[in-house]
Amino acid sequence: MMYSSFFFFVFQGLLVNMMLESRRLVPVVVAFVDRLLSCQKHCWLGECLLQKFDEHLLPKVKMDYKLVYCFPIFDRIAENQTIPPRGLLEVLTNFMIFLVEKHGPDTGMKSWSQGSRALGICRTMLMRHHSSRLFIRLSRLLAFTCLYFPDLEVRDNSRYSAAFDKIYFSFLLHPSGLLMIY
């Protein structure tokens, strides 16, 4: 099986190192993973790559402004239901902390475009993963974000469908949800 082969193991490590060293290659890797995921015969291979990225790329990413280059691969990880969202939520939380430390709430919208993209990945996780563990961690991240960006509205009616409303309300009604924080 190719997944357990030495070649595949080396190839995974090579892709992780390439994305860490040259973040401009991330869109190329994302396109490669997308092609694997769109092929019925190779879909499992794309999922295995995403799992390895979750295990090996996320712990090694550097918290800086260039992290947004990795957001397309983070989106693919968030979309995959077989990958637990814990590692990705930790990276996004650390990134939001980085933005607050570097800019703070006084700088307004200068860094918020990056924060908005991070919340977009959180939205993807919320749509794909229906775990109470996700709700707990995501509620902490959203509460932290609302604390430092008070003009943030967590729910954007223009972007979400009725399916999201159902998930959103179950999130709010969950014992660890936002209503318990406020």
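**Exercise 1. A nonpolar surface patch**

Identify which residues make the nonpolar surface patch of this predicted model, and classify Val10 by its relative accessibility.

*Solution.* Step 1: the patch is made by Phe6, Phe9 and Val10 and covers about 370 Å². Step 2: Val10 has its place in helix 1. Step 3: partly exposed residues lie between the limits of 20% and 50% relative accessible area. The relative accessibility of Val10 is 42%, and therefore Val10 counts as partly exposed.

**Exercise 2. The span and faces of helix 2**

Check the span of helix 2 (residues 26-38) against the expected value, then determine how its buried residues are arranged about the axis.

*Solution.* Step 1: with 13 residues at 1.5 Å a residue, helix 2 should span 18 Å; the C-alpha atoms at its ends are 18 Å apart, in agreement. Step 2: Val26, Val29, Val30, Val33 and Leu36 are the buried residues of helix 2. Step 3: viewed down the axis of helix 2, these buried residues fall within an arc of 120°, so they line one face. Step 4: an α-helix has 3.6 residues a turn, so residues three or four places apart point the same way. Step 5: Val28, Arg35 and Ser38 are exposed on the other side of helix 2. Step 6: the cover over the buried residues of helix 2 includes helix 1 (6-21), helix 3 (43-57) and helix 4 (71-79).

**Exercise 3. Arg123 and Ala78**

Classify Arg123 by its relative accessibility, and state its separation from Ala78 in sequence and in space.

*Solution.* Step 1: Arg123 is placed in helix 6 (residues 112-128). Step 2: its relative accessibility is 24%, so Arg123 counts as partly exposed. Step 3: Arg123 and Ala78 are 45 residues apart in sequence, while their C-alpha atoms are 9.0 Å apart in space.

Terms used:
Residues numbered from 1 in each chain as written. Predicted model: local features only at pLDDT ≥ 70, side-chain atom pairs only at ≥ 80, totals over all residues. Heavy atoms only, no water. Helix = DSSP H or I, 4+ residues; strand = E, 2+ residues; numbered from the N terminus. Expected span 1.5 Å × (residues − 1). Buried < 20%, exposed > 50% of the residue type's maximum accessible area, 1.4 Å probe, protein only. Arc of directions from axis to C-beta. Contact = heavy atoms within 4.5 Å. Patch = residues over 30% accessible without salt bridge, like charges linked within 9 Å, V, L, I, M, F, W, Y side chains within 5 Å. Areas by Shrake-Rupley, 256 points an atom, 1.4 Å probe, with all protein chains shown as cover. Salt bridge = Lys/Arg side-chain N within 4 Å of Asp/Glu carboxyl O.
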